[in-house]
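Hi,

Here is the structure I promised to pass on. Have a look at it first, and my notes on what turned up are underneath.

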Amino acid sequence: MGRQWVSTCSILLLLSLVSCSSFASAAKPPYLKYKDPKQPVGARVKDLVKRMTLEEKIGQMVQIDLTVASSAVLKKYFLGSVLSGGGSVPSPKASAAAWVNTVNGLQKGALSTRLGIPMIYGIDAVHGHNNVYNATIFPHNVGLGVTRDPQLVKKIGAATAMEVRATGIPYVFAPCIAVCRDPRWGRCYESYSEDHTIVQKMTEIIPGLQGDLPANSRKGVPFVDNGGTKVAACAKHYLGDGGTTKGINENNTVISQNGLMSIHMPAYYNSVSKGVATVMVSYSSWNGKKMHANRELITGYLKNKLKFRGFVISDWQGIDRITSPPHTNYSTSITAGVGAGIDMIMVAYNYTELITNMIYQVKNRIIPVSRIDDAVMRILRVKFVMGLFEKPLADLSMVNELGKQEHRDLAREAVRKSLVLLKNGKSADKPLLPLPKKAPKILVAGSHADNLGNQCGGWTITWQGQTGNDLTSGTTILKAVKTAVAPSTQVVYSEKPDPSFVKSGKFSYAIVVVGEPPYAETQGDSLNLTIPAAGLRTISNVCGSVKCVVVVISGRPVVVEPHLAKIDALVAAWLPGTEGQGVTDVLFGDFGFTGKLARTWFRSVDQLPMNVGDAHYDPLFPFGFGLTTEPIKS
C-alpha cells in the first residue's frame, strides 16, 4: 500500500511538472527573429520573407484606397498598404483623433494576420498635411523655390511630419522633385523650379520629413528616424514628369539621354543619398516609352546604378495607364510594370483582380519569384527601418500638433520669403511699396482677396482644391489687411467693383488680388495661361482710377504684359496657403521683399517652352529677377 502510494505520488508529481512546463511554453511565444528589434534589419527581412506564402508576399505589394479598405479586407488579402488619395478622408472635417482611430482600426486587421506584418498608411502631404481639416497649409513648391532656402524647407518638412504623425499616418507622397520646363503643365506649382540646381537644394525637405541620415549610413539605404515624429518620404515622379511636350500632363518627354540625366535626374541623386525611403514612378513617357514599364531606368539605373534600396511605388492606377485607354490588356501591363521594377502597386480599387492576376503569373512563371522577393524585401526593409513592427499603432499624444501656431508662424515666414516683387511704381523713383498702414480709406478688390480656397490652390482638402472659405481654417489676405492697417484706416472690400465706384471712392490706394482658380494635374493644363476675364476686368476697373498693387495668386507665371502699364506695383504670390498674413507682412513693410524668380516669366505663351540658358531667351521677367524693399523701422 505504501509503495503504491509513493508510486502514485511520483506519477502525480511528474504530471504536474509536465503540465507546468507545457503551460510555460504556451505562455512564452516561440522566438521569431523578424520580431526581434535587436537583430539587424537585413536579418529580420530575410527571416520574414522565408516564412511568407506567395499570397502573403503579393499582398505586401498592394496598396488600396481608404474608401475600399477595412480591417477584414486587410486580414483576408494580407495587404501591405492603404492610402488616402486626394479628398479620401474618414469623414468631412475629420479631427486628428478620428484619423488616428481610422488608421489604427485598419492596422489591427493587418496585425491579426498569421505573421502580423503591419501595413503602411500613405497620404499626399505636398504642401503641409493638405488632406486634413485644420492642418497648416504651406506655400506650394513653386513659391518655396523662390526662397532658395534649404533650411526653411527642411523646417517645413519637419512641421509637416509632425502634423501627419498627429493623425496616425507614417508615410507621405512628397516631395515632388519635378523640374517643370513648361508652365502650361497643370502640376508646375508642385515643382520648385525650372532649374535643377534649385530642385536639388530643396531635397533638404527629405531629412526634414524623415530625420537626418546617420553619419555611417550606406548609400541608398532608406532611413526614417523611428522616434515617432518623422515619416517616410517619397521622391516623385521618376522620371522626366516636368519635361513633357507642351506641358501636357502624363504625356511624352522628348529629350536625349544626356538631357534627361542632366536636367531631370540630378535631384534623385540627392534624394537617394539622403536616404529617401520610396520613389514614385511617373505616368509620363520618355521618348515614347511609358516610365511605368521602363526597366532600364527603374531597375537598371535607380536600383542598380544609384543603389536605391527603398521601395518603388507606382502612381495612382499607374499600371492601368501603361495602356491607352487605361486597363486594356491589364495582365500584360502587370507583367511590364512589375518586371520594370515597381515594388508596390497603388491599385486603389480593383485589388482582387490585381492579386488574382499576379498569383497566376507567378505560378505560371511569367513573373519570376525572385522579382516578387526583391519587391517584398524592399517594402519590409522600409517598415523595419521606420520602427513600424515595434510601434504599429498610433496614439493620441500628438493630436495638438495639427495646425499648431508654431507651424502657422513657419508657414507665414515661408509666404514672406516666397513673394516676388515684379514692379514697384510707374517710375523707379516713385515706389508704391511698402504701403502706408495709416491712410484714410483703402480698397481691397478681386476674386482672390477673401478666398482661402483660391489662396491655397489644388491639393487642399480635396484633390482639385475648392474655392471659398469653408474648406479649412486660415487667414485670407483681406483679413490680414484689416489686421495690419492702423485702426483709423477704413478698409473697403469689393470683389468686382465698377469704375464709377472706384472713381468716387476717394481711396488712398487699392490692393487687387486676382489669379487662377484651384486645379490639380490634368485639369490644370493650360495652353493660354491667362488670368480669368473677371480678374482682368477688376484690374482695369481699379487700376485705371487709383494707385494699385496687383497681387497675383497663381501656380505659375501667367500672361500679364498687356496689363502691366496700368498697374503701379505687381507681386507674384504664387499659392501661399492658409497664412495670408505673410503677404501683408511684406506689402506693409514689416519685412522687405527678398524673393527671386525660380521660373522664367514669359511675355506670351508663343515663346514656350522657354527656360533660363536657352539660346532664344526674351522673357518679360528673367529667371532670378526680383525687386527688393527695405523693412520700415517702427
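**Cysteines first**

Cys234 has its sulfur 9.9 Å from the closest cysteine sulfur, the one in Cys176, and that is too far for a bond; the cut-off for a disulfide is 2.5 Å between the sulfur atoms. Cys234 also counts as buried, with a relative accessibility of 0%. Before you go further, bear in mind that this is a predicted model.

So which cysteines do bond? A search of the whole structure gives 2 disulfides. One of them joins Cys180 to Cys188, with the sulfur atoms 2.1 Å apart. The angle about the S-S bond there is -105°, making the link of Cys180 and Cys188 left-handed. Both of these cysteines, Cys180 and Cys188, are buried.

Cys543 and Cys548 make a disulfide too, again with 2.1 Å between their sulfur atoms. Their link is right-handed, with 110° about the S-S bond. Cys543 and Cys548 are both buried. If you count bonded cysteines along the chain, the disulfides follow the pattern 1-2, 3-4.

Cys176, on the other hand, is in no disulfide: the nearest cysteine sulfur to it belongs to Cys180, 9.3 Å away. Cys176 is buried as well, at a relative accessible area of 3%.

**Aromatic rings**

The whole structure holds 12 aromatic pairs. One of them is Tyr171 with Phe311: the ring centres are 5.9 Å apart and the planes meet at 75°, so this pair is edge-to-face. Tyr171 sits in strand 4 (residues 171–172) and Phe311 in strand 10 (residues 311–313), so to speak a link between distant parts of the chain, 140 residues apart. Both Tyr171 and Phe311 are buried.

Tyr238 and Tyr268 are edge-to-face too, because their planes are at 85°, with the ring centres 5.1 Å apart. Here the pair ties together parts that are 30 residues apart in sequence, as Tyr238 belongs to strand 5 (residues 234–238) and Tyr268 to helix 11 (residues 266–273). Tyr238 is buried, with a relative accessible area of 0%, and Tyr268 is buried at 1%.

There is also an aromatic cluster, made up of Trp574, Trp601, Phe621 and Phe625.

**Charges over rings**

Two arginines are worth pulling up in your viewer. Arg321 has its charged end over the ring of Tyr283, 4.2 Å from the ring centre. Arg148 lies over the face of Phe623, and the distance to the ring centre is 5.3 Å.

**A sheet and a helix**

An open sheet of 3 strands runs in the order 6-8-9, with mixed pairing. Its edge strands are strand 6 (252–253) and strand 9 (289–290), each of which pairs on one side only. Strand 8 (residues 285–286) and strand 9 run antiparallel and are joined by 2 bridges. In one of these details, Ser285 has Lys290 in strand 9 as its bridge partner.

Last up is helix 2 (residues 41–51), whose buried residues are Arg44, Val45, Asp47, Leu48 and Val49. What do these buried residues of helix 2 pack against? Their partners are helix 3 (54–60) and helix 15 (369–385).

Cheers

Note on methods. Residues are numbered from 1 along each chain as its sequence is written. This is a predicted model: local features need pLDDT of at least 70, side-chain atom pairs count only at pLDDT 80 or more; totals for chains, interfaces and linings use all residues. Side-chain values use heavy atoms; hydrogens and water are left out. Two strands pair if DSSP finds at least two bridges between them. Helices (H or I, at least four residues) and strands (E, at least two) are DSSP runs, numbered from the N terminus. Buried means under 20% relative accessible area, exposed over 50%, partly exposed in between (1.4 Å probe, protein chains only). Contact means heavy atoms within 4.5 Å. Rings of Phe, Tyr and Trp (its six-membered ring) pair if their centres lie within 6.5 Å; planes under 30 degrees apart count as stacked, over 60 as edge-to-face and the rest as tilted. A charge sits over a ring if NZ of Lys or CZ of Arg is within 6 Å of the ring centre and within 35 degrees of the ring normal.
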